[in-house]
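Could you walk me through a few parts of this structure in plain words? I am just starting out and would like to follow along on the model.

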Amino acid sequence: MRRPLSALLRFFAASALLTQPAIAQSPVAALTPRKAALPSDSIVTWAADTSRSGALGLAVLLDAMDARIEPDGTGMRTMRSVVHVLQQSAVNGMAEHRFSWQPSRQDLTIDWVRVLRPDGTVISDAPSTDQTADATANMQNPMYVDSRTRRLSLPGVAANTIVDIQYSITDRAPWRAGDFLLAWSFSPVAPTRVSQFRVNAPESFSPFIQESNIAFKRRELVQEGRRVYEWRITQPRVVRPAPYVPSTDDVRMSVTLAAPQPWDSVTTWYDRLARSRYVADEVLIARLDSIARGARTRSDSLRALHKWIAQDVRYVSVSLGLGGYQPRTPAEVITTGYGDCKDKTSLFIAAARHWGIDARPVLLHLNGVSEASPVSITRFNHVIVAVVNAMPRGGTSQYTFSDLTAGLIPFGSLPLSYRGSFGVAVRPDGSADTLRFPDRAVDSTGSRVRMIGTLSPDGSMDLAVDDQAVGDLAWAMRAAFAEPLDSARRATGMRAVAATYLPESTADSLQVFDGRDFTDSPRIRAVLRGGRGARPAGPVWLLHLPDPFRALTSRNANSARELEALGTRVLPIDARQVLGPRTTHLEYRVTLPDGWSAQLPPPIVATSFFGKYESSYRQNGRDLIMLRTLQGVSGGIHPPQRIAEVIAWMRAVAADDIEYITLSPTRPR
């Protein structure tokens, strides 16, 4: 539910909008499942004054979870949400609801869905449409999962109504015995009257509890052999979403509970499922002979193996039942021609170990996790491979990592989202090796674009383009050329390059690369003829700057306005996310007609804690030389007040967003 963020803050600051009556019933009673709608429920007395709500779409009156956990990982979670719909803009989002669960091990119970007036009168207490269906697999990256979805449409939802929903999910059989993970945030994005999280556990069981930035004390109550942990806050601080936010900070409040276990318990469990899949059978051995043919070194063999699995084994995930965690055998993957991350990783490990190379699976999250705790299999949704390079003193392994599902990223490199984050490698004995993925140097990712043109007195131009990329940017370029160009695609590509760099030109040559060949450097070269390089404007000519040359500056003014519109920022800034660890060089060099001169804009140098932008313009004889460079930094967390420096930097760079250079031709004698 995304709403205007500045409106959220205005609403929250006006505390008079939310009345504060005495709570007429205990938190326990408020969460007790009841099938009948209750017009006298005291929660509705917290309703907001819509006449003073401004542009705010909704206000949350109660947001709560009541969980019961057992040491074996079974339990039940009951969620209740009571939302006051303030504006018509929020109606569609609150009238449609979707609930997902895994029927093989979970039960879903909808305790009630009801729509009320602010005085408690019931408008509806049942959905108008109730549909349950299996989750369908995506066609592009097929994922078959053991889950169902129930969708409800609620009648009567309108501005100034209250939507009250409570449902429960019962965990009958965890995938791994004793594994559970519960998390709750007390930093809402919309004004919230009460946020509450309660966990009921056996008195003799002590779960792992992680409190992040909690500014209030939890309550504990022991009764009938069980202990209840309760966190409850009235009108928690609204923390609006913001760009460039690190994964952890000292602002957002949250609580996480998990099993009090070491990572060895997870890796041992996974190793039992996967160990038999690391044996190279006859089918795999026969394939390995052809893969390694021509390889002269250990590295050559590993690169060839990686390329085969990453590019020729199609990605399909069949996560039905235990198949969500247990890899398929090498023979199954080779015979079917497809596999998911754990299937591909296991196939690679089986082949590497057949060659006597120590390769291991690594558990991680696709979006990266910053901390090693808490311990739970649910913290990971991905598996990659690690090849052991050496075993120095202390027994710490030095790994070469690779993601077998990233077919256009070479062996030994990782996607940006993993780097610097936490992962767990599974040693051959099943024990855990906790690690942090290496980062890349700033100058190892970037691009260099050179545009060399010759301008004729009539404004026409010939232009040579050379576009190269390395690191993360190279992988994006590889995706565009993952398939060979046939005559039709080549013709289309030549027209696209011409339109991008030099309007009205014709491309008479285009040199590209094989995106699937890691020995072929990502580089595009083209020669464009007869384009419109400059146009007359009275006594002067206007030299057009190609769009790729303006790409570093063209969006900064709008980005600065968007940041200012967010209002006061409370979350810190991750410098890495502003520009990213990359370096970009742009060069536009034009040979002017004899006697022509250019009116050059001033150079720009904008430096801040997250990176640097620099431009220069000069004329040497007939040669007009224009350069732009952008360089980001690899990390650093900074206070929220420094967003003003980000905005100022963007405005400084935006001043360099010029579309034309004014040229003065030779005056006739």
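In this predicted model, Leu320 counts as partly exposed, because its relative accessibility is 47% and exposed would require over 50%. You can find Leu320 in the loop between strand 17 (317–319) and helix 7 (330–336). Together with Tyr144 and Val318, Leu320 makes a nonpolar surface patch of about 260 Å².

Now let us turn to the sheets. Strands of a sheet pair through backbone hydrogen bonds, either parallel or antiparallel. One open sheet here is formed by three strands in the order 10-15-12, and their pairing is antiparallel. Strand 10 (181–185) and strand 12 (208–212) stand at the edges with a single partner strand each, so one side of each has no neighbour in the sheet. On average, neighbouring strands of this sheet are turned by 10° against each other, direction ignored. Look at strand 12 more carefully: five bridges join it to strand 15 (residues 254–258), and the two run antiparallel. Within this pair, Ile209 stands opposite Leu257 in strand 15.

Another open sheet has four strands in the order 28-29-37-32, again with antiparallel pairing. Which strands are at its edges? They are strand 28 (534–537) and strand 32 (597–599), each pairing on one side only. Neighbouring strands in this sheet are turned by 35° against each other on average, direction ignored. Strand 32 pairs with strand 37 (residues 660–664) in the antiparallel sense, over three bridges. Here you can spot Ser597 opposite Ser664 in strand 37.

Terms used. Residues numbered from 1 in each chain as written. Predicted model: local features only at pLDDT ≥ 70, side-chain atom pairs only at ≥ 80, totals over all residues. Heavy atoms only, no water. Pairing = 2+ DSSP bridges. Axes fitted to C-alpha atoms, helices over the stretch in contact; angles between N-to-C directions. Patch = residues over 30% accessible without salt bridge, like charges linked within 9 Å, V, L, I, M, F, W, Y side chains within 5 Å. Areas by Shrake-Rupley, 256 points an atom, 1.4 Å probe, with all protein chains shown as cover. Salt bridge = Lys/Arg side-chain N within 4 Å of Asp/Glu carboxyl O. Buried < 20%, exposed > 50% of the residue type's maximum accessible area, 1.4 Å probe, protein only.
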